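Reader: I've just opened this one and don't know how to read it. Could you walk me through a few features?

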Amino acid sequence: MGQSQSLFEDLSMLSHDLLPTQPEARTWKKGHFFSIWMGSVHNIPSYVTIGGFFALGLTIWQVFFIIMISAVLLAGMLVLNGHAGAKYGIPFSILLRSSFGVRGAVFPGVLRGIIAAIMWFGLQTYAGSLAVSILIGEFWPGFFSLGGNWSFLGLNLTNFLSFLLFWFINVIFIYAGIDSLGKLNKVISPLVFVVFGGMSVWAVNLAGGIIPILNYSPKGIEGSPVLIFISCISAILATWVAQIVSVSDITRFARSNREQSIGQIVGLILTYFLFAIASITIIIGSEIAFGVPIWNVLEVIDKFDSTFAIAISLLTLCLSTISVNIVGNIIPAGYQLAALFPKKLGFKSGALISTIIGILIMPWKLMEDSTSIFSFLNLVGGLLSPVIGIMLAHYFFVSKKKINLQDIYSSRQTAKPVNIPALSATLLAGIFSLIGNFLPILKPLYSISWFTGIFSAIILYLFFNWVNFRTIKAAKYFPGAAKRG
């Protein structure tokens with residue numbers, strides 16, 4: 001009775017948004033999970049990444065299999081790390097406590113939910129606002145000349161208004177609720193297939209048919225083909241580390257683990273199949289037609305003759321960016337801030353604050369030196385891949401898929417507030433995955449940092465737990481020896 005009363009008092013101090021999802025709120029079916037990640041697949045950076053693969057000298061079939069293998073691995077990771085969310089209905093900021101401890105969870109939580117999420121929110125919002133400017137300009141050409149030479153911290157009036165408009169649309173979804181996200185993604189799904197399928201058809205016609213594309217001869221790979229193949233898979237998966245870490249923010253609304261598993265697996269594999277066809281045909285088709293490959297889908301859209309085709313394509317890109325921002329940035333940031341300040345903030349207030357900070361960091365200024373900002377984000381990503389390994393190792397191997405909700409919600413838990421083996425393994429695995437960026441001899445580890453971070457973290461964490469268990473066992477049976485030591 002005392003423990004139940006203690007837990008009740010602790011829960012009363014938390015925001016309602018952080019509590020386990022009630023059965024009546026678990027409304028997401030396979031269809032919701034089928035479409036949830038479409039915007040994260042079909043975006044400008046993704047197409048640029050595939051263009052980089054061809055620049056390495058890979059063939060179209062090598063690129064195709066890299067994309068599809070990545071899709072299978074990604075779907076598996078999202079389903080596995082989303083299992084606890086679907087089973088217990090808890091957000092990632094709370095789930096982290098089971099593996100890192102109540103206080104230890106602050107480090108990976110801030111890394112994912114605040115630093116990475118807010119910076120990516122700002123950058124994605126700015127990128128989306130550029131598409132908004134082009135979209136408005138299609139129907140109002142004078143929009144581009146608004147304000148003359150007026151400037152606000154480096155933004156002209158056109159881009160300033162587009163940025164605020166796009167930012168405001170993102171904010172609306174904070175207050176519209178999780179169901180609005182499901183509805184948005186159901187709108188995006190057919191648009192993605194129509195728009196990017198249409199781009200693929202356009203590129204094939206441009207190249208003179210599918211045969212010239214299939215007969216494309218690359219320059220050839222320089223270096224180890226196996227290492228380059230694996231590093232390309234790692235490059236795709238590295239862009240997903242943040243979403244994998246916080247996927248329980250979404251799966252907590254699943255009706256069952258079966259729903260989220262089938263939805264995500266089928267959705268991601270089919271979406272990446274379309275992406276593989278579209279990206280390959282657009283990049284190679286444009287190279288055959290123009291002599292130079294087009295990596296940026298905005299440049300593809302710019303070559304369309306139809307105003308309707310341009311408008312629907314830009315609208316799809318804008319909606320996809322909003323979806324990415326909500327799932328990948330706003331939701332994790334909102335929950336993490338609510339977890340850090342449970343007495344003062346809820347999800348909505350935390351999410352709103354994160355979007356305001358997303359403006360204050362002036363992402364358009366950060367993009368002026370894109371090399372340094374993306375190097376920093378790669379550093380954060382290098383530390384997040386080990387977090388995935390710790391979460392999976394703890395949930396499936398240490399706790400055997402069992403989580404004591406009283407422990408992770410109670411401030412009076414008897415367990416240590418910081419799980420030292422988890423934090424130690426995270427930092428060491430992070431060093432392993434990033435050290436190749438500084439020591440040329442270890443560069444292969446950095447080129448496959450997604451794999452390096454996750455698997456080294458799993459091995460280190462299980463080893464540290466084994467050592468910790470043996471130490472505790474020895475202290476229990478030989479208390480005198482423990483005291484003398």
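Author: Sure. Let's start with a ring: phenylalanine 64 has 16% relative accessibility, so it counts as buried. Buried means under 20% relative accessible area, exposed over 50%, and partly exposed in between, with a 1.4 Å probe and protein chains only. Keep in mind that this is a predicted model: local features need pLDDT of at least 70, side-chain atom pairs count only at pLDDT 80 or more, and totals for chains, interfaces and linings use all residues. Residues are numbered from 1 along each chain as its sequence is written, and side-chain values use heavy atoms, with hydrogens and water left out.

Reader: Which ring does phenylalanine 64 form an aromatic pair with?

Author: Rings of Phe, Tyr and Trp (its six-membered ring) pair if their centres lie within 6.5 Å; planes under 30 degrees apart are stacked, over 60 edge-to-face, and the rest tilted. The whole structure has 20 aromatic pairs. In one of them, phenylalanine 64 meets phenylalanine 65 edge-to-face, 5.5 Å centre to centre with 80° between the planes. Phenylalanine 65 is partly exposed, at 46% relative accessibility. Elsewhere, ring pairs link Tyr47, Phe196, Tyr272 and Phe275 into a cluster.

Reader: And which charged end sits over the ring of phenylalanine 290?

Author: For that, NZ of Lys or CZ of Arg must be within 6 Å of the ring centre and within 35 degrees of the ring normal. Here lysine 303 has its charged end over phenylalanine 290, 4.5 Å from the ring's centre.

Reader: Where is methionine 362, the residue with a positive phi?

Author: Helices here are DSSP runs (H or I, at least four residues), numbered from the N terminus. Methionine 362 is in the loop between helix H18 (347-360) and helix H19 (363-366). Its phi is near 50°, positive although the residue is not glycine, and methionine 362 is partly exposed at 26%. Lysine 400 also has a positive phi, near 55°; this lysine 400 is in the loop between H20 and helix H21 (405-409) and is exposed at 54%.

Reader: How many cavities of 30 Å³ or more are there?

Author: On a 1 Å grid over the protein atoms alone, a cavity is a set of points where a 1.4 Å probe fits but cannot get out, and lining residues have an atom within 4 Å of a point. There is one cavity of 30 Å³ or more. Of its 13 lining residues, the closest to the centre are Asn81, Ala84, Leu95, Met391 and Tyr395. H20 gives the most to that lining, with five residues.

Terms used:
1 Å grid on protein atoms, 1.4 Å probe; cavity = no way out; pocket = protein on both sides within 12 Å on 5 of 7 lines; lining within 4 Å. Points joined across faces, edges and corners; volume = space filled by probe spheres on them. Helix = DSSP H or I, 4+ residues; strand = E, 2+ residues; numbered from the N terminus.
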